[in-house]
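Colleague: Could you take a close look at one short helix and its surroundings, and then place it in the chain to which it belongs?

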Amino acid sequence: MKRVQLEIVFGTILVLLSTAIVVILGIQEPQRMADFEVQQRAELIEFGASVFTINCTRCHGSQAQGITGIAPSLRDEYFFTQRLEEVGWQGGLENYIVSVVTTGRQVSTRPDQYAGATGTSPVMPTWSERFGGPLRDDQIRAVAAFIMNFEPYALGQIPTVEPLVPLADESTPEGRGQAVFVQAGCNACHTISGLSTGNIGPVLDGLASRAGDTVSGLTAEEYIRQSIVEPSAYVVEGFADGLMPQTFGTTLTEEQINDLVAFLLTLQ
Amino acid sequence: MLNALRRRLNIPPRDQWRAAIAKIIDDRVRIITAGLSIRELRAVMRGDPPTEKPNPRYKVITTSFVAHLRPRYYPKASTWFTHTYRLGFFTTFFFIVEVITGVILMVYYIPFPDQAYESILVIESNVFFGELLRDLHRLGAEAMVIFSWLHLLRTYFTGSYKGPRTFTWLTGVILLLITAWLSFTGYLLPWDQLAYWAVTVGTSITESGPVVGPALNLLMRGAPDIGTGGLLRFYLQHVILFPLLAIALISIHYYKVSREHSISLPAVVEETERTPDQKKEDNRRIDLIPDLLSHEVFLVSLGIFIMLVILYFRWFASPLETHANPQQTPLDTKAPWYFWWLQGLLKIDPAAIIEGMVNPIFETFRLGFRLELSKLLNSKFIMGLIVPPTLIIILLAIPYIDRNPSRLARKRPFAIMWGIAWVFIVIALSFMGTPQFGIETPPATRIIQDLAPEEGEGALRLIPYQELQQGIYVVGEEYGPDLCPTLSYQPDPEGDVNNVVVGCPNLTAVFREFSEKLLAAEAEGELPDLNANITVEQVQYNLKRVTPQVEWTDPESGETKTYEHTYYLHQDRPHEE
């Protein structure tokens with residue numbers, strides 16, 4: 001065959017093969033696009049988790065469980081089923097989260113339960129760069145995706161996952177106290193080795209051994225109890241007054257406070 | 001009766017119909033092909049000689065606009081495959097691929113920092129063939145860079161830049177620069193970490209320039225940092241200014257070849273004695289139609305086929321890292337590989353080298369002073385702003401520097417040696433420019449980053465989600481052969497039920513590697529009092545947090561230091577099998 005003919009023949013074969021590849025890719029394309037979207041959502045949630053951990057855990061707790069007196073839980077049934085109705089939001093929850101995070105809150109909607117009642121403690125700050133906050137819009141969308149990922153769990157559709165934090169032995173006051181420490185959100189601000197990593201308030205490691213000498217006239221137990229119920233009575237050097245919620249005396253029962261004190265007294 | 005009607009309507013008798021229709025079709029074909037009849041077209045496709053005289057195939061070249069840009073014929077010798085390797089042809093081919101895919105991508109891309117990255121995600125997830133288009137565009141860009149460099153090397157080694165082709169060489173070098181700038185401006189557009197930091201580092205070179213440096217930097221970035229203005233500037237350069245410049249220069253470059261001096265003949269043909277038979281064969285005309293055209297159509301189909309095969313088997317995929325974050329500088333910024341030589345240059349500090357050579361001499365003679373060049377010479381300025389433009393000027397001036405009239409390789413040994421030397425220098429500089437070269441990372445950071453780099457995969461991210469059993473795995477502690485003996489899972493939930501993995505072999509392997517590297521570093525004294533672990537926690541029902549953590553005593557200051565990095569791994573995360 002002449003070169004021209006050879007080239008025409010092979011060229012035709014190549015064009016047919018190329019067409020075949022494009023057709024095969026075209027058949028796979030809807031599936032590929034769907035897969036990509038699922039993976040993209042997964043990556044968005046991963047990214048949102050890291051943004052949440054850095055920016056949001058101070059007030060909403062390390063697991064988004066909320067901190068009594070400061071900020072609500074973002075993983076309970078109420079948040080996923082009734083919150084929108086309460087504030088009169090017409091759209092979806094994810095958009096609501098994006099909106100609240102972006103602009104923050106000027107006035108608390110539940111000053112009786114969370115921060116914002118006295119005017120001294122801030123309500124939800126503005127997070128978007130557009131309004132002077134630290135986060136880009138894509139980071140805010142990622143946080144919303146992360147919070148939305150609590151939904152099946154919050155609605156009880158899947159069983160609770162056991163967290164890594166050591167489980168408390170609920171039969172002793174100390175064990176119950178440890179559970180209170182996590183439930184009340186103390187862990188968000190205070191570090192206890194092996195249990196929590198909060199960095200707003202003082203580290204509580206070795207608290208029991210130094211509590212008795214901190215304020216003269218108060219035993220270790222009295223000092224700890226006072227610090228929980230009336231945090232402003234004595235403020236550890238280097239920390240600002242008013243950081244710690246003043247409401248634990250009313251939100252926790254007498255028994256819970258007793259358990260909590262018993263637990264904190266074990267921190268030698 | 002019927003015949004009377006026919007005469008009246010001026011319809012020819014039946015036996016003339018076929019001829020009349022054939023003539024109508026033939027006329028149409030002649031119009032479409034700009035001069036070839038059906039018979040001629042058939043002869044062209046079969047490689048037969050022309051059917052009419054004068055040769056109608058030459059008529060096409062005068063009547064068709066597209067064909068008139070092309071030469072009528074080339075002498076056989078200048079079409080030898082081993083002479084040109086079709087490198088210029090393929091460079092143009094990739095340019096056209098870039099234009100076509102680029103125009104389609106422009107429909108979906110939004111050049112605005114808040115939306116750019118997202119629009120890339122939309123192209124990948126929501127546009128039919130979006131990923132294919134993006135991959136074609138990226139692959140075409142890299143291929144265009146490779147082929148234009150190879151084309152330059154071929155021209156250099158065959159001596160084709162010599163007169164009368166000196167000006168063509170000049171336009172070629174400028175085209176190479178345009179290609180490089182096109183790829184660099186395109187690099188920023190996805191607005192991911194890779195893009196943002198490569199371009200931030202790249203543009204910062206201009207900052208070191210005297211007087212106009214900061215202004216130039218501002219001009220390129222649009223603001224002190226690359227933002228909305230900078231992205232728009234890069235985008236407009238990428239889609240309008242430089243494509244237009246490229247088209248203009250390609251036109252000049254090609255016009256010179258097709259109208260003025262043609263493709264160079266191989267030096268052996270021009271400068272050595274050829275037998276009459278060889279001469280006749282060398283000068284045999286290779287016509288545009290059909291030989292060149294069929295060859296070029298074949299090459300195009302070959303080029304498209306190879307690109308599609310590469311993409312089908314995923315031997316190449318355009319990278320996409322996380323969203324650009326001006327607040328977080330990645331551990332290593334990666335310039336595109338074809339700029340590694342420049343990055344390698346920037347790692348050289350000429351002032352320090354001269355000081356290192358001169359100061360010991362001063363000390364031996366006790367001259368009482370030290371040379372402190374670093375205060376006078378900014379290495380970024382010299383290696384970033386003085387050396388590369390000098391190299392470009394030399395490259396441009398090669399035809400004017402090299403006055404040797406011969407093009408035969410054996411008669412220009414110096415030029416050939418220089419060429420080879422430069423290829424090796426560029427390769428060496430590129431090696432120096434790789435992100436890892438010559439950059440000292442603290443051991444703990446390095447070990448964790450090896451396990452799981454900030455961007456991309458890495459062993460840690462490849463652990464199947466099911467294997468991530470909650471727990472704190474402490475380095476140095478004795479574990480059994482597997483970290484999670486009670487675990488077992490089905491890697492493919494919809495597949496074979498008997499296909500069950502027992503334990504967590506991947507997690508165990510990663511933990512072992514992590515431990516071995518750290519314990520080795522501890523033994524070498526880099527990480528004394530080592531205290532390290534990998535913590536795996538469940539964050540949400542389908543999300544885990546993995547934190548490798550290292551604590552050690554700094555050998556120099558005696559302080560306790562820690563390094564940790566947190567990774568979130570979702571069940572549905574992309575997973576290369």
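**A short helix and its cover**

Modeller: The buried residues of α4(B) are covered by elements of chain B that include α3 (38-46), α5 (65-68), β2 (285-287) and α16 (288-312), where contact means C-beta atoms, placed from the backbone, within 7 Å. This is a predicted model, in which local features need pLDDT of at least 70 and side-chain atom pairs pLDDT 80 or more, while totals for chains, interfaces and linings use all residues. Residues are numbered from 1 along each chain as its sequence is written, with chains lettered from A and ligands numbered from 1 in the order in which they are written.

Helix α4(B) itself spans residues 56-63, and its buried residues are Pro56(B), Arg57(B), Val60(B) and Ile61(B); buried means 20 or more other C-beta atoms, placed from the backbone, within 10 Å of the residue's own. In an α-helix there are 3.6 residues a turn, so residues three or four places apart point the same way.

As for the chain, 29% of the 577 residues of chain B count as buried. Chain B has 22 helices and 9 strands, taken as DSSP runs (H or I, at least four residues; E, at least two) numbered from the N terminus. With a radius of gyration of 32 Å, well over the 25 Å that the globule rule gives for 577 residues, chain B is therefore more spread out than a compact globule; the radius is taken over C-alpha atoms, and the rule is 2.2 Å times the number of residues to the power 0.38. Along the principal axes, its C-alpha atoms fill a box of roughly 110 × 80 × 50 Å.

Notes. A residue is buried if 20 or more other C-beta atoms lie within 10 Å of its own, exposed if 12 or fewer, and partly exposed in between; C-beta atoms are placed from the backbone. Two residues are in contact if their C-beta atoms, placed from the backbone, lie within 7 Å.
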